[in-house]
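This briefing presents selected features of one protein structure for a reader who is new to the subject. Please keep the sequence and the model in view while reading the points that follow.

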Amino acid sequence: SHPRNLATVAVASSPDCFPQWATETVYDFLQTEIDRCDFPRVTVDLSRDDLRSCARRGDDCLGLGSGWEDKPWIFRGLTNNSHLQGDDGLCGKSSMLQRFGSREVVLSNAVSYSHGRKRTTFQEYVQTDMVPPLPVENALGVGENATETWYLCGENFWDEILHEYDRPRMLGGERGSLAFGIGRTGSGVPLHYHGAAFLEVTHGRKRWFVARPEVKLDWNPEVSTFKWFFNFVSGSAGSTPPHISIC
């Protein structure tokens, strides 16, 4: 797929004072248009042979039409990873802290390019960096400088989890590289270019902002998506620019 402008923001997560990952939203403005999804939704029946038509670019995949591989979609039923989900799943908070609490992890800050790095333990990350700043004014102050927003994604190898992941069986998803990440509410990477990828959430909610590669966007790569989104929804427009798709 062609690269496109992409940004993300996590809507729910939890500090360590809760036994499991929290699902409530800490910052009210993140609820703005929370049910909006501009991406078409497709339900996949894995018992049929339809996915054979989705192996390569240009194939007539599930009747999605020409150029389907260059558009964002929501696929339901494409994978079965229920064993990773829920409080008792492999990605449940208690399970992960018990198994990986002392593991050293590499954190990235939320800058679009040239991410900063810092090392800590997974337990320290959950207890410290995943605690959402309060009140919202403090969080927005941190968000003004994306170098101060830390999250766990990439550069960390969770073979115990990734080997259990049911891969999507289309467009080479069976062979592609895997990555795993966890972020607190309001975390996320500012707009950046991204190639083809399948993205799946096991806990909480994650919002995606996508624009076509030819769209010229004005953004500061050192301001977090959290602050960027707040500036739009609190302004006169009340939403993000019309050329940005949201889900």
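In this predicted model, the charged end of Arg 103 is placed over the ring of Trp 158, at 5.2 Å from the ring centre. A second arrangement of this kind involves Lys 206, which lies over the face of Trp 208, 5.4 Å from the centre of the ring. Trp 158 also belongs to the largest nonpolar core, and that core is taken up after the aromatic pairs.

**Aromatic pairs**

- The structure contains 11 aromatic pairs.
- One of them joins Trp 228 and Phe 232 in an edge-to-face arrangement, with 5.2 Å from centre to centre and 75 degrees between the planes.
- A pair of aromatic rings is described by these two quantities, the distance of the centres and the angle of the planes.
- Both Trp 228 and Phe 232 are found in helix α5 (residues 225-233), where they are four residues apart, about one turn of the helix.
- Trp 228 counts as buried because its relative accessibility is 12%, which is under the 20% limit for that class.
- Phe 232 has a relative accessibility of 25% and therefore counts as partly exposed.
- Trp 228 and Phe 232 are also members of one aromatic cluster, together with Tyr 27, Phe 29, Phe 209, Phe 226, Phe 229 and Phe 230.

**The nonpolar cores**

- The largest nonpolar core has 22 residues, and the members that touch the most others are Met 96, Phe 122, Tyr 125, Trp 158, Ile 161 and Phe 180.
- Two or more residues of this core come from each of the elements α1 (93-100), β4 (104-109), α2 (122-129), β6 (150-153) and α4 (159-162).
- A second, separate core consists of 17 residues, among them Ala 139, Ala 211, Leu 217 and Phe 226.
- Phe 226 is thus named both in this second core and in the aromatic cluster described above.

**Helix α1 and Met 96**

- The buried residues of α1 are Lys 93, Ser 95, Met 96, Leu 97 and Phe 100.
- These buried residues pack against α2, α4 and β7 (181-182).
- Beyond its neighbours within four places in sequence, Met 96 is in contact with Trp 21, Leu 90, Cys 91, Gly 101, Phe 122, Trp 158, Ile 161, Phe 180 and Ile 182.

**The four-stranded sheet**

- Four strands form an open sheet in the order β5-β4-β6-β7, and their pairing is antiparallel.
- Strands β5 and β7 are the edge strands, each pairing on one side only.
- In general, strands of a sheet pair through backbone hydrogen bonds, either parallel or antiparallel.
- Strand β4 is joined to the antiparallel strand β5 (residues 117-121) by five bridges.
- Within this pairing, Ser 108 stands opposite Arg 117, and Val 106 has Arg 119 as its bridge partner.
- Strand β4 also pairs with β6 in the antiparallel sense, through three bridges.
- In β6, the residue opposite Ser 108 is Tyr 151.
- Strand β4 is largely enclosed by the rest of the structure because five of its six residues are buried.

**Asn 109 in strand β4**

- Asn 109 is located in strand β4.
- With a relative accessible area of 5%, Asn 109 is buried.
- The side chain of Asn 109 comes to 2.8 Å from the backbone nitrogen of Gly 116.
- Apart from residues up to four places away in sequence, Asn 109 touches His 115, Gly 116, Ala 146, Thr 147, Thr 149, Trp 150 and Tyr 151.

**Backbone features in the loops**

- The peptide bond that leads from Leu 134 to Pro 135 is cis, with omega near -5 degrees.
- Pro 135 belongs to the loop between α2 and α3 (136-143).
- Glu 33 is not a glycine, yet it has a positive phi of about 50 degrees.
- Glu 33 is situated in the loop between β1 (4-10) and β2 (41-43).
- The relative accessibility of Glu 33 is 33%, so this residue counts as partly exposed.

Terms used
Residues numbered from 1 in each chain as written. Predicted model: local features only at pLDDT ≥ 70, side-chain atom pairs only at ≥ 80, totals over all residues. Heavy atoms only, no water. Core = buried A, V, L, I, M, F, W, Y, C linked by side-chain atoms within 4.5 Å. Buried < 20%, exposed > 50% of the residue type's maximum accessible area, 1.4 Å probe, protein only. Contact = heavy atoms within 4.5 Å. Pairing = 2+ DSSP bridges. Polar contact = N/O pair within 3.5 Å; in protein donor to acceptor, adjacent residues only side chain to side chain. Phe/Tyr/Trp six-rings, centres within 6.5 Å; stacked < 30°, edge-to-face > 60°. Lys NZ or Arg CZ within 6 Å of the ring centre and 35° of its normal.
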